Amino acid sequence: MGGEDGDVGGGRSVWRSGGIGWAGGAPGLRWWGGRVSPVAYGRPLALRAAGGRACAGVRGNPCPTGAAVPERSTGGLCPGCARLDRAHSVAADTFADDPRPYRVYLAWFGPGTVKVGITGEHRGSVRLLEQGAVAFCWLGRGPLMAARRTEEVLRQALGVPDRVPYERKRALRVAPPDAAARRGEIEELYGRALGVGGWGETLEALPFAAYDHGDAFGLGELPALDGTVTGLVDGGTVTGRVLAAAGPDLHLRDPGGRHLVLDGRLLAGWGLERAAEDAPWSVPVAPAPREADARTGQEGLF
């Protein structure tokens, strides 16, 4: 890996990571400066953290102080940049006059685990890939504030959350039901959503169509999860073969045969360089939470 947009220390150059992103329906390891390294299932991944972890800045603008970021932070931003990022997010409702259309969706993560959410129509299904939604359907489209109100109305009426903990998503990816069962559960909830009065007057209801990310994520038959990375350390190595990717998560088989998850958000801001494929893991790993706890959404590792 070369040194454009990298730091030089001890005579070597490293690239700084922007985490895991999705484009064209496929995952990639992003780098500061805009480059992307494709992530291929079944292929080896071997990285060494170097040069410390720095704040990536907000929405294309560098962090004004070049602040350091804690190893366990999944946000990858210093407190000041995190506040600015939140203030400019759709969730903050600070752009009520946004003229662009938005879409309300139902996202399926596992049996009995569906959330309702909104995304900009211009983003297509990228938001669903970023969240790790195994399947989803659109409900309606229209102005931002109407979409936001509909999201809350449906969340209450259907008894579904507006977020699902990552621990639960990871547990549910192991041995999920087939695509037909996923479609059936979403279709049933879609029908119930149409029966909720009021929102159809402010949004255009969309016909049912189920979209499935099982192949895009490479889920197949994932083995039981053995653990998750809790944070990188300077000089720490991550090696193994990529089994699957969903949202920001990389599912890896390490040299010792363990099935481990690396949350790509923990990569953001680190300088990374290539490591030997047979190098042992040397970053902290916590055991996977008990299956029952993860599947019921109890607090886990992060």
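Strands, as the term is used here, are DSSP runs of E with at least two residues, numbered from the N terminus. The model under discussion is a predicted one. In these terms, G269 sits in the loop that joins strand 14 (259–263) and strand 15 (270–274).

Is G269 buried or exposed? Its relative accessibility is 0%, and G269 therefore counts as buried, the limit for that class being under 20%. Beyond its neighbours within four places in sequence, G269 makes contact with R16, S17, W32, G52, R53 and A54. G269 and E71 are separated by 198 residues in sequence, while their C-alpha atoms are 9.8 Å apart in space.

Helix 5 offers a second point of entry. This helix covers residues 179–194, 16 in number, and spans 22 Å from first C-alpha to last, close to the 22 Å expected at 1.5 Å a residue. Its buried residues are R182, I186, L189, Y190 and A193. Viewed down the axis of helix 5, these residues fall within an arc of 110°, and so they line one face of the helix. An α-helix has 3.6 residues a turn, so residues three or four places apart point the same way. The buried residues of helix 5 pack against several elements, including strand 6 (102–110), strand 7 (113–120), helix 3 (144–158) and helix 6 (214–217).

The second largest pocket has a volume of about 360 Å³. It is lined by 16 residues, of which P38, P44, L45, A46 and R274 are the closest to its centre. Strand 5 supplies the largest share of this lining, four residues. By class, the lining of the second largest pocket comprises 12 nonpolar, one polar and three charged residues.

Technical notes:
Residues numbered from 1 in each chain as written. Predicted model: local features only at pLDDT ≥ 70, side-chain atom pairs only at ≥ 80, totals over all residues. Heavy atoms only, no water. Expected span 1.5 Å × (residues − 1). Buried < 20%, exposed > 50% of the residue type's maximum accessible area, 1.4 Å probe, protein only. Arc of directions from axis to C-beta. Contact = heavy atoms within 4.5 Å. 1 Å grid on protein atoms, 1.4 Å probe; cavity = no way out; pocket = protein on both sides within 12 Å on 5 of 7 lines; lining within 4 Å. Points joined across faces, edges and corners; volume = space filled by probe spheres on them. Nonpolar A, V, L, I, M, F, W, Y, C, P; charged D, E, K, R; others polar.
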